[in-house]
Structure formats: structure tokens, C-alpha cells
Amino acid sequence: MRARVLHDFGSLQNSSYSFLYPYMNVRKESRLILYGAGAVGRSIMTYLMTSVDYTVVAWIDSNVSGETIDGWVIGSVDDVNQLTYDYIVLATNKLAYSHEMRMSLIARGVGEDKIAEMSQE
């Protein structure tokens, strides 16, 4: 099921989930920073751009900051401390990348409760 979800977040738009599946702790009406502009990040952003349930305040990536993707200027990970958000959504399905991203954010003073990783269920 995970592969379908990662490639088709749009099918969840009319779902009855009270959270951003597969990010179990991200509740509707949250302000989000999307961290990751690869295939998973682009798929999630496609869904979020059509969703009325979440507000994206920034899209960041450590490799492509400054580039424009789908009308968004990708920010730097260093920008997080200047933004107001509820969660930073780690847009990767690779555990090693997720760990690296998490550690990078914690090193910048982001609280672990603000970092949302994909549920491994």
C-alpha cells in the first residue's frame, strides 16, 4: 500500500483521515514545512497544493535550495528557524535519509515533536 500512496497522494484528498497519511502525527489544519524535493516530496507537494486541510509555509531541501519547482522556490534547511510552522514533514521513504534529515534539523534546534516521519506501519 505504501507505494500507491507515495505516488498518488491525490487519492487521499477526500479521505476521512484526521491526519496526513502516512504521517500519523500531522493533524489537519497544520502549518507545514515540506523537507525534500525528490520524487516523494514532489508527490506530496502535488497533493498538498490541492488540499484545503493543510498550509504549506515552505518547501526546503539540502541539495536544491534556490531552485524553483512547481512555482515554489526551494528554501534552505537553515531557513527553518525563521519560519512559523507546526511540523516539518520529511518527504522520503528511505530510512537512512530520514535519519540524516532528522539529525540535521535537531542540530539546528528543531524539537523532535516538530519532525514528522512516515509511519513504518
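## Briefing on strands, loops and rings

Asp70 lies in the loop that runs between β5 (68-69) and β6 (72-73). The structure shown here is a predicted model, and the points below begin with two loop residues before turning to strand β7 and to the aromatic rings.

**Loop residues with positive phi**

- Although Asp70 is not a glycine, it has a positive phi of about 50 degrees, and with a relative accessible area of 49% this residue counts as partly exposed, because the exposed class begins only over 50%.
- Glu29, which is found in the loop between β2 (23-27) and β3, is likewise not a glycine and has a positive phi of about 75 degrees.
- The relative accessibility of Glu29 is 72%, so Glu29 counts as exposed.

**Strand β7 and its partners**

- Strand β7 (residues 87-90) is covered on both faces, since Tyr87 and Val89 on one side are buried, as are Ile88 and Leu90 on the other.
- Strand β3 (residues 31-35) pairs with β7 in the parallel sense over four bridges, and within this pairing Ile33 has Ile88 of β7 as its bridge partner.
- Strand β8 (residues 115-116) also pairs with β7 in the parallel sense, here over two bridges, and Ala116 in β8 stands opposite Val89.
- Together with helix α3 (residues 95-107), the strands β7 and β8 make a β-α-β unit that is right-handed.

**Aromatic rings**

- Zero aromatic pairs are found when the whole structure is searched.
- The ring of Tyr85 has the charged end of Lys114 sitting over it, at 5.8 Å from the ring centre.

Conventions: Residues numbered from 1 in each chain as written. Predicted model: local features only at pLDDT ≥ 70, side-chain atom pairs only at ≥ 80, totals over all residues. Heavy atoms only, no water. Phe/Tyr/Trp six-rings, centres within 6.5 Å; stacked < 30°, edge-to-face > 60°. Lys NZ or Arg CZ within 6 Å of the ring centre and 35° of its normal. Buried < 20%, exposed > 50% of the residue type's maximum accessible area, 1.4 Å probe, protein only. Pairing = 2+ DSSP bridges. Right-handed = clockwise from strand over helix to strand, strands pointing away.
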